[in-house]
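Ready to get to know a new fold by working through it? Grab a pencil and try each exercise before you read its solution.

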Amino acid sequence: MEGGLFSALLLGSIVMLVVVLDHFLPLLLNLGAAPRGSFGWPLLGETLRFLSPHASYALGSFLEDRCSRYGKVFKSHLFCTPTIVSCDKELNHFILQNEEKLFQCSYPRPIHGILGKSSMIVVVGDTHKKLRNLALTLVTTTKARAGYLNDIERIALRIMGSWKDKKRIFFCEEARKFTFSVIVKQVLGLSQDEPQAAKILEDFLTFMKGLISFPLYIPGTSYAKAVQARARISFTVKAILEERRKNGGDSSQKGDFLDVLVSVGNLSEEEKVSFLLDSLLGGYETTSLLMSMAVYFLGQCPSALAQLKSEHQSIRANRKDEYLNSEGYKKMEFTQHVINETLRCGNIVKFVHRKALKDVRYKEYLIPCGWKVLPVLSGVHLDSSLHGNPQEFHPWRWEAYNQASTKKFTPFGGGPRLCPGSELAKVEVAFFLHFMVLNFR
């Protein structure tokens, strides 16, 4: 009995020692070379403080504290891994531009579990290049389709028409209805009223709740429900693909991207389904957040709202066609300033996950091989040395910005993993704002 208890205590002590050594050994081995910083507690490190909620137009207490103590580049222990955190414009640019050379995309394992191993967000190397080229084809096909802009207008007007008899609306929900209707039309050729679209939306809402939940796969948890919802969405999407395949994939009749995907021969069925899910995720969640942020910030800035309304009244007065078209979109200069400033203040994507493929020396910093690297995009967007009064929503600042500003403005990432759908998102938001400011206070 005593011998068994002693063995258990000995084993527990060894396990604890291994955990502690595994946590602090990288810190000791790179004591003089890596940037200054701290590792926090074993296992958890400083992850909880790093992820603590804060306003989108603020860095949050963790980054503010670490940047003031160690500078814009520091070491930490995040997501169970030794990590270099960068809020530096030049280093962030260097990391994003050296994808697959010095650094590689490296998201935590639970993200792989919920998005799927074939997701474009997590795959690397040639597989990512192949899927990204397909995403660019989606963008090209969508923009070339004759009714693309008309669809956006019809969907926007239908959503806003439903507000007429409501005393209160929850704008975030309405924005999601709009972006979901647009993306399922673009990607799957479905209208919002079709049963398959309604089924996908129901499962997608469950999926989104789990995407940002604690990654614990126990029946009943948000994470487990999200994994199950993804499986159901995959089943529905596979059925849509199979139906289109049986119908011969005649793009001259449907005119959508799904026929292009059906004809692609160098992708497995799982990769095709994952790609469609990625497209739905990108076109649904991030775009609706951008819309919601724009409306929020405009509500805090009456002068910007007044100028935006004036611009769109002028576009409407000079419109010759029945529908708003690409020529009208090109005239939305101040609208683009509003969207860019929303992206800068809203920081929808605050940081991205990378890891060092080898020891990387950048200026005075050494980034050890195998360490996680987090370029914090919001750290650059809210840097007072790059943007005057960075916490102020001020769209007019974009009148003076040019191509040289790209390093200090990276809302869609950069390098080989630059978001391929960024322009489509801006078009959707601009069209929605056009009809909203002309019809609502």
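Below are five exercises on this predicted model, each with a worked solution.

**Exercise 1. Find out where Ser 288 sits, whether it is buried or exposed, and which residues it touches.**

Start with the address: Ser 288 belongs to helix 13, which covers residues 269–299. Next, check the accessibility. Buried means under 20% relative accessible area, and Ser 288 has 2%, so it counts as buried. Now look for neighbours. Leaving out residues up to four places away in sequence, Ser 288 touches Ala 175, Arg 176 and Thr 179. Finally, look at the polar part of its side chain: a polar atom there lies 2.9 Å from the backbone oxygen of Glu 285.

**Exercise 2. Work out which residue pairs with Glu 285 in a salt bridge, and where the two partners lie.**

The partner is Arg 176, and the closest N and O atoms are 3.4 Å apart. Glu 285 is in helix 13 and Arg 176 is in helix 8, so the bridge links distant parts of the chain, 109 residues apart. How covered is each partner? Glu 285, at 15% relative accessibility, counts as buried. Arg 176 has a relative accessible area of 25%, so it is partly exposed. You've met Arg 176 already: Ser 288 touches it too.

**Exercise 3. Take two more salt bridges, Asp 383 with Lys 72 and Asp 203 with Arg 232, and describe each pair.**

The structure holds 21 salt bridges, and these are two of them. In the pair of Asp 383 and Lys 72, the closest N and O atoms are 2.6 Å apart. Asp 383 is in the loop between helix 17 and helix 18, while Lys 72 is in the loop between helix 3 and strand 1, 311 residues apart. Asp 383 counts as buried at 9% relative accessibility, whereas Lys 72, at 35%, is partly exposed.

On to the other pair. Asp 203 and Arg 232 bring their closest N and O atoms to 2.9 Å. Here helix 9 holds Asp 203 and helix 10 holds Arg 232, 29 residues apart. Asp 203 is buried at 5%, and Arg 232 is partly exposed at 35%. One extra to spot: shared partners join Glu 46, Asp 65, Arg 66 and Arg 69 into one salt-bridge network.

**Exercise 4. Find the residues that touch the most other members of the largest nonpolar core, and the helix that gives the most to it.**

A bit of background first: in soluble globular proteins, nonpolar side chains tend to be buried together. The largest nonpolar core has 43 residues, and Ile 152, Phe 178, Phe 393 and Phe 432 touch the most other members. Several elements give two or more residues to this core, including helix 7, helix 8 and helix 13. Helix 18 gives the most, with 10 residues. Zoom in on Phe 393: among the residues it touches are Phe 297, Leu 298, Val 338 and Cys 345. There's also a second, separate core of 42 residues, which includes Leu 131, Ile 240, Val 262 and Leu 267.

**Exercise 5. Turn to the outside: which residues make a nonpolar surface patch of about 410 Å², and is Asp 126 buried or exposed?**

The patch is made by Trp 41, Leu 44 and Leu 48. Of these, Leu 44 lies in the loop between helix 1 and helix 2. Asp 126 is found in helix 6. Exposed means over 50% relative accessible area, and Asp 126 has 61%, so it is exposed. To finish, go from Asp 126 to Glu 100: they are 26 residues apart along the chain, with their C-alpha atoms separated by 9.9 Å.

Methods: Residues numbered from 1 in each chain as written. Predicted model: local features only at pLDDT ≥ 70, side-chain atom pairs only at ≥ 80, totals over all residues. Heavy atoms only, no water. Helix = DSSP H or I, 4+ residues; strand = E, 2+ residues; numbered from the N terminus. Buried < 20%, exposed > 50% of the residue type's maximum accessible area, 1.4 Å probe, protein only. Polar contact = N/O pair within 3.5 Å; in protein donor to acceptor, adjacent residues only side chain to side chain. Contact = heavy atoms within 4.5 Å. Core = buried A, V, L, I, M, F, W, Y, C linked by side-chain atoms within 4.5 Å. Patch = residues over 30% accessible without salt bridge, like charges linked within 9 Å, V, L, I, M, F, W, Y side chains within 5 Å. Areas by Shrake-Rupley, 256 points an atom, 1.4 Å probe, with all protein chains shown as cover. Salt bridge = Lys/Arg side-chain N within 4 Å of Asp/Glu carboxyl O.
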